[in-house]
Amino acid sequence: MIDFHTHILPNMDDGSQSLEQAREMIKREQAEGIQDIIATPHFYADRVGMDSFLSYREKSMQAVQKMMEKEMWERPPRIYGGAEVYYFPGIGRASEISKLCVEGTSLLLLELPFSQWDQGVYQDVAQLAEEQELTVIVAHIERYFEFQKKKDIWDAVFELPVYAQMNAGAFLTWKERMTSMKLLKKGYRLLLGSDCHDLDRRPPNLAAGREVIRKKAGESFLEEIDQNGREIMRR
Ligand SMILES: [Fe+2]
């Protein structure tokens, strides 16, 4: 199992606030059977420079690795440095954006606007995917859905060769579950993430979300999600 969306790296964003908290979050992930954790701290181009973001992330990653080594964890999960990159107009042509891909891959976790998407959004995503040849993962797709009154841009975005990441938590509340199930069955290239930020309010919950998918939609959805995950990590 791979968790494609986490805020476990300490002191990077509104996620984990200390090494101790990061340790507990990673332990929970490990207990759920997750072997690969993609660390995706928020990146906002208007708030932080690329170089300082990357060096900060490196330090945070090293602290976590050192902690796991020092405590001699048995079969520690692999942690990959990535980012949750917030959309800005023109991102499709931004030349340095590939530096924010998950280390060693061409995977870019992209957070899109929480408003009606327009032609510009579509064009930027298309440029990232087709001109920059990045594998775009649209973060937590269920969170934008209600804003898309005109569905043509939405449909066009998911006709691009992009992956659709859903949050496990979206299957866990009754209120969100109906929309999430609908999106799950649309035939997008799906991936799952916990989008965990802490231990209580937005905790690691991938296993619980998967259980709901298994019960309500069937094992085949999980098999496809896991296959997508394995396949995509080779890019
Ligand atoms: Fe996130």
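Two strands pair if DSSP finds at least two bridges between them. Helices (H or I, at least four residues) and strands (E, at least two) are DSSP runs, numbered from the N terminus. The structure is a predicted model, in which local features need pLDDT of at least 70 and side-chain atom pairs count only at pLDDT 80 or more, while totals for chains, interfaces and linings use all residues. Residues are numbered from 1 along each chain as its sequence is written.

**Exercise 1. Determine how strands β1, β2 and β4 are arranged.**

Solution.

Step 1. Take β1 (residues 2-6) and β2 (residues 36-39): they run parallel and are joined by three bridges. Ile 2 has Asp 36 of β2 as its bridge partner, and Asp 3 stands opposite Ile 37 of β2.

Step 2. Continue from β2 to β4 (residues 78-81). These two strands also pair in the parallel sense, over four bridges. Here Asp 36 has Arg 78 of β4 as its bridge partner.

Step 3. Assemble the pairs. The result is an open sheet of three strands in the order β1-β2-β4, with parallel pairing. Since β1 and β4 each have a single partner strand, they stand at the edges, and one side of each is left without a neighbour in the sheet. On average, neighbouring strands of this sheet are turned by 20° against each other, direction ignored; axes are lines fitted to C-alpha atoms, for helices over the stretch in contact, and angles run from 0 to 180 degrees between N-to-C directions.

Step 4. Add the connection. With helix α1 (residues 19-31), β1 and β2 make a right-handed β-α-β unit. A crossover is right-handed if, with the strands pointing away from the viewer, the path from the first strand over the helix to the second runs clockwise.

**Exercise 2. Describe the six-stranded sheet and the packing of α7 on it.**

Solution.

Step 1. The strand order is β3-β5-β6-β7-β8-β9; the sheet is open and its pairing parallel. At the edges are β3 (42-43) and β9 (190-193), each of which pairs on one side only.

Step 2. One of the pairs is that of β5 (residues 84-86) with β6 (residues 107-111), parallel over three bridges. Within it, Glu 84 stands opposite Leu 109 of β6.

Step 3. Helix α7 packs on this sheet and touches β6, β7, β8 and β9, its direction making about 90° with that of β9. Contact requires that the C-beta atoms of two residues, placed from the backbone, lie within 7 Å.

**Exercise 3. Classify the packing of α6 against α7 and give the composition of the contact.**

Solution.

Step 1. The axes of α6 (residues 206-216) and α7 (residues 219-232) are 6 Å apart and meet at an angle of about 130°.

Step 2. The two helices are therefore oblique to each other. Angles under 35 degrees count as roughly parallel, over 145 as roughly antiparallel, 65 to 115 as roughly perpendicular and the rest as oblique.

Step 3. From α6, Arg 210, Ile 213 and Arg 214 make the contact; from α7, Glu 219, Phe 221 and Leu 222 do so. The contact residues comprise three nonpolar, no polar and three charged (nonpolar: Ala, Val, Leu, Ile, Met, Phe, Trp, Tyr, Cys and Pro; charged: Asp, Glu, Lys and Arg; polar: the others, Gly among them).

**Exercise 4. Establish whether Leu 206 and Leu 172 are buried, partly exposed or exposed, and list their contacts.**

Solution.

Step 1. A residue is buried if 20 or more other C-beta atoms lie within 10 Å of its own, exposed if 12 or fewer, and partly exposed in between, with C-beta atoms placed from the backbone.

Step 2. Leu 206 belongs to helix α6 and is buried, because 27 other C-beta atoms lie within 10 Å. Apart from neighbours within four places in sequence, Leu 206 is in contact with Met 1, Asp 3, Glu 32, Ile 34, Ala 168, Leu 192 and Ser 194.

Step 3. Leu 172 is found in the loop between β8 (163-167) and α5 (174-184). It is partly exposed, because it has 15 C-beta neighbours inside 10 Å. Residues up to four places away aside, Leu 172 touches Asn 205, Ala 208, Gly 209 and Val 212. The C-alpha atoms of Leu 172 and Ala 208 are separated by 7.5 Å, although these positions lie 36 residues apart in chain distance.**Exercise 5. Compare the burial of Arg 75 and His 140.**

Solution.

Step 1. Arg 75, in the loop between α2 (50-70) and β4, has a positive phi of about 40°. Arg 75 is exposed, with 7 other C-beta atoms within 10 Å.

Step 2. His 140, in the loop between β7 (135-138) and α4 (151-159), has a positive phi of about 25°. His 140 is buried, with 20 C-beta neighbours inside 10 Å.
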